[in-house]
Amino acid sequence: MSSIAERVKTATISTTLNQSLKYLDKDLETNLPKVMELVDKVTPEGWYEEPRNAIRNVIQKKNHWYELIMKVMELDAGVRNTFLKNFMVNASLSGGAIQESVREKEGCNVPWAILLDPTSACNLYCTGCWAAEYGNRLNLTLNELDSIVTQGKELGTYMYIFTGGEPLVRKEDIIALCEKHSDCEFLTFTNGTLIDEDFCKEMLRVKNFVPAISLEGFEDANDGRRGKGVFEKVMKAMALLKEHKLPFGISTCYTSQNYQDITSEEYFDMIIDAGALFVWFFHYMPVGNGAAPQLLPSPEQRAEVYHRIREYRSRKPIFSMDFQNDAEYVGGCIAGGRRYLHINAKGDVEPCVFVHYSNANIRECTLLEALKSPVFMAYHDGQPFNENMLRPCPMLENPEKVRAMVKETNAQSTDYESPETIDSLCDRCTPYAENWKPTADILWNACSGCQKGCKEKGE
């Protein structure tokens, strides 16, 4: 922490949060406005002022966001309170202060979240999945995972997200990590097929683990990519989580084949009824020699996704984020350690979960040294990669940028099964980038004229 004053401030807010949660348990609807007044008194000037104002507005209007708040408050109390403290205080307030201090001192990016692949193994083989390119023989040991989290906390990072492979192949180690680092919040992208009664009980015990279940649409679309019977297993997993009052969300990759399903009102209603609190949308990325470019959405299809998600966001009780179309809210590309980085199952520290090129391996350097490696510094110096926030990615929408960064920094392919040259990847992305640019420019120019109104509406 940068100063004694900051420590006192964080401790005060943490105490206030704990008291507020007890207060809300007694009479949620009556006490919620009073708690917001108390929070305003102890939080630093300007700290998350816009979100706090938005919450006050939601409480007054009692709209769909209010309904979502009520759902959060109905979760298992221990899990809910741990999440709020780890996310709001540790990851955002005290962690954010440490991150900023390190950024200024070291002159490099420091991530808010670290994505980790405990294993490259998976019990499914999904069409177009970049993770499958790694093979199924790679693993980070529990000690290595523990070391990464320990180093991350020293930099102020208290948010960790497991990817893969299928992370829950390593259930026991993941739970052990959650238990040891109880001040961190852990989330996992999972196909959901390994979530059972016993694992729900473990989640209740450690209290700081949240799954984001992959779902590509309704049964035909989902099982067409993930395999027959997977949709039914996912529905059972969600029913178990809801029964145990555990938080979870949905992770959806949209493609040219499923974009209508996953942006339909029926789909949103289905996952909301199932108990999902959030849904994260990811644009299909044509990564790896086994990529399927035919899955890339056309400009018209991506624009439809853009409009539909914003429309549902304005009235559905679920937090939705479209990572390729919502860059305006985070100032563009968040990779390269600006907000997150990725460490694969062989220890390679990659700037992005979709950009498999690196100069550093966590088995040979510290986390801070990796953040100062050439390709990470190229990201640091180059962000944002485009002033149009609907063209944020240095790979998908600006392939010349990632091509130059990889070549200039001599970053090497981290795909040990089927290495792909940066030229091959960028040549595959270039037609898409050129086709998307005219539509992106029209949408962004229109959006720039009404951003204030959109934010006020929560769109």
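**Exercise 1. Are F162 and F186 buried or exposed, and how are their rings arranged?**

Solution. The structure is a predicted model, in which local features need pLDDT of at least 70 and side-chain atom pairs count only at pLDDT 80 or more, while totals for chains, interfaces and linings use all residues. Residues are numbered from 1 along each chain as its sequence is written, and side-chain values use heavy atoms, with hydrogens and water left out.

Step 1: both F162 and F186 are buried, where buried means under 20% relative accessible area, exposed over 50% and partly exposed in between, for a 1.4 Å probe and protein chains only.

Step 2: the two rings, F162 and F186, form a stacked aromatic pair, with 5.8 Å from centre to centre and 5° between the planes. Rings of Phe, Tyr and Trp (its six-membered ring) pair if their centres lie within 6.5 Å, and planes under 30 degrees apart count as stacked, over 60 as edge-to-face and the rest as tilted.

Step 3: F162 belongs to strand β2 (residues 159-162) and F186 to strand β3 (residues 185-190), so the pair ties together parts that are 24 residues apart in sequence. Strands (E, at least two residues) and helices (H or I, at least four) are DSSP runs, numbered from the N terminus.

**Exercise 2. Place the pair of F87 and W112 among the aromatic pairs of the structure.**

Solution. Step 1: a search of the whole structure finds 14 aromatic pairs.

Step 2: F87 and W112 form one that is edge-to-face, at 5.7 Å centre to centre and with 85° between the planes.

Step 3: F87 sits in helix α5 (residues 77-106) and W112 in the loop between α5 and β1 (113-116), so that distant parts of the chain, 25 residues apart, are linked.

Step 4: F87 is partly exposed at a relative accessible area of 29%, and W112, at 25% relative accessibility, also counts as partly exposed.

Step 5: ring pairs also link F189, F278, W280, F282 and F323 into a cluster.

**Exercise 3. Describe how helix α7 packs on helix α8, and how α15 packs on α16.**

Solution. Step 1: helix α7 (residues 171-180) and helix α8 (residues 197-206) pack at an angle of about 15°, with axes 10 Å apart; axes are lines fitted to C-alpha atoms, for helices over the stretch in contact, and angles run from 0 to 180 degrees between N-to-C directions. That makes α7 roughly parallel to α8, since angles under 35 degrees count as roughly parallel, over 145 as roughly antiparallel, 65 to 115 as roughly perpendicular and the rest as oblique.

Step 2: K171, I175, C178 and E179 of α7 make the contact (heavy atoms within 4.5 Å) with F199, E202, R205 and V206 of α8.

Step 3: helix α15 (residues 374-382) and helix α16 (residues 399-409) pack at about 140°, with their axes 9 Å apart, which makes α15 oblique to α16. Here P374, V375, A378 and Y379 in α15 meet V402, M405 and T409 in α16.

**Exercise 4. Where are the cis peptide bonds at G165 and P384, and where does N410 lie?**

Solution. Step 1: the bond from G164 to G165 is cis, with omega near 10°, and G165 has its place in the loop between β2 and α7.

Step 2: a cis bond also joins Q383 and P384, with omega about -5°, and P384 is in the loop between α15 and α16.

Step 3: N410, in the loop between α16 and β11 (412-413), has a positive phi of about 55° although it is not a glycine, and at 53% relative accessibility N410 counts as exposed.
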